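Please look at the model shown here. This report covers how the chain is divided and where enclosed empty space is found.

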Amino acid sequence: MKGLKTVYVCTECEYRSPKWMGKCPSCGAWNSFCEDVEQITPEKESAAKRTSILASATENHAVGFSELEISDYMRQKTGLSELDRVLGGGLVLGSVVLLSGEPGIGKSTLLMQICDALGKSRKVLYISGEESGGQLKLRAKRLGVIGENLFILTETNIENILKETEKISPDVLIVDSIQTIYSSLVNSTPGSVTQVKESALILINKAKACGMSVMMVGHVNKEGSIAGPKVLEHMVDAVLYFEGERQQSYRIIRAIKNRYGSTNEIGVFEMSDKGLIEIENPSQMLLAGRPKNISGNCAVCTLEGTRPIIAEIQALVTPTSFPAPRRTTNGIDYNRMCLTIAVLEKRLGLKFYQNDVYLNVVGGLRLDEPASDIAVAMALISSLTDRIIPDDVIAVGELGLAGECRAVSNLEGRVKEAARLGFTKAIVPYRNVEKRPLDCGNIQILPIRGIYEVLNLMKAKDEA
Ligand SMILES: Nc1ncnc2c1ncn2[C@@H]1O[C@H](COP(=O)(O)OP(=O)(O)O)[C@@H](O)[C@H]1O
Ligand SMILES: [Mg+2]
């Protein structure tokens, strides 16, 4: 087209370059350039129109701080308590939420499912840029969504969407997905950095101006981050990631950013033909099908936000046939594993350097907490020495560089969860129970001061 040129835009800082570059000279990010089309001389008319659209949505006046009302932040339950938990207790009216995840993970399913509960007291407008009304109806039928107060608009042009939004004036606007929406006043293809940013900006302004909640779907690129400009994540109030193993039916939703709640909470679902089913008791799900009497397995109780969750750590330590042994992790930080191995080699004299080490957390869970260190160490020792950790043992504690076992937060909550699920012995940091003994029902507490005591405990159990 006349007056158009191709440029390459850095998705991190929006630096523009006529040529593709591997590294951004402005922010130093690698592989962050994507192609965009830009108008050489913006038409005066469309530039003016664009400004007026943005301005009409955001005509604001200064307000005295004492006059501001908290009731603006009323929360609306979405009907899925696992999603409410991640949002910080419900969808805040007037907030903008970005939901991202891989294709086919269930973003559209999740949004369709919450329409029923939201529709009971609010008007919902569902903008579909990817699927036809018929397809949506078919899905709604499968999910058992009736769709009272639900309006569907299959449209990708932001100006038309705004017009329709003004007509219907919904309380909740669902946009599936932001990458398909385009503004005719910006001359680049839908999904490009400029278009995504422009459309999101218009939607956010509209949401703030009329107190409407917006939930938009964001695609992810092949590196797993949200496609489009990085500023998109800064512009919205909450960023939720929907993830899960493709082969398994479990789905975990977590907040990467939340202006109205904690980012530690996770929500757990199972995908079925009737849609996403909430899993209120994830520990049971994660422990299902646990192998018995196999070395290298250790149970741990981790805290996800306020909720204790029991997870299973599996280690496989095998003699290496490579000059440098292989080490891989899944669900645990790689460097944290290397550190744990180094502590075990130095303090216990175990020989990991002749072995490959594979570490896995079952069920697609990610353990970022240092409180899982002792369990990781035990799984590693168990696999290396081929000693079995009994099924009814759970281990919690942080491992220090001197091999000491350090205290963890909310030990009582963790041990209670373990007792509830039938564990009978809990290996806990001595520091936690030194002053105040734990009383958690039918579970035997085994306090340890350092990792060397674990070795004794394992040996003793093995011989018993
Ligand atoms: N009839 C069905 N029975 C069971 N699961 C289904 C059925 N139809 C779709 N699904 C599940 O829903 C997923 C698609 O969900 P969808 O919400 O369209 O994903 P997204 O919007 O994230 O791309 C599929 O990957 C599949 O797991
Ligand atoms: Mg979809």
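The text below takes the domains and then the cavities of this predicted model.

**Domains**

The protein falls into three parts: domain 1 covers 1–40, domain 2 covers 75–280 and domain 3 covers 285–463. Measuring between centres over C-alpha atoms, domain 1 and domain 3 lie 47 Å apart.

**Cavities**

Rolling a probe the size of a water molecule over the atoms shows where empty space is left. Across the whole structure, two cavities of 30 Å³ or more are found.

| Cavity | Volume | Nonpolar lining residues | Polar lining residues | Charged lining residues |
|---|---|---|---|---|
| Largest | about 40 Å³ | seven | three | one |
| Second largest | about 40 Å³ | five | two | two |

Which residues line the largest cavity? The lining consists of Leu87, Gly90, Leu91, Val92, Ser95, Val96, Val97, Asp237, Ala238, Asn258 and Tyr260. Two elements give two or more residues to this lining, namely strand E5 (91–92) and strand E6 (96–101). By class, seven of the lining residues are nonpolar, three are polar and one is charged.

Around the second largest cavity are Arg290, Pro291, Asn293, Ile294 and Asn297, together with Ile388, Ile389, Pro390 and Asp391. What is the make-up of this lining by class? The second largest cavity has five nonpolar, two polar and two charged residues in its lining.

How values were computed:
Residues numbered from 1 in each chain as written. Chains lettered and ligands numbered in written order. Predicted model: local features only at pLDDT ≥ 70, side-chain atom pairs only at ≥ 80, totals over all residues. Heavy atoms only, no water. Domains from an automatic or database assignment. 1 Å grid on protein atoms, 1.4 Å probe; cavity = no way out; pocket = protein on both sides within 12 Å on 5 of 7 lines; lining within 4 Å. Points joined across faces, edges and corners; volume = space filled by probe spheres on them. Helix = DSSP H or I, 4+ residues; strand = E, 2+ residues; numbered from the N terminus. Nonpolar A, V, L, I, M, F, W, Y, C, P; charged D, E, K, R; others polar.
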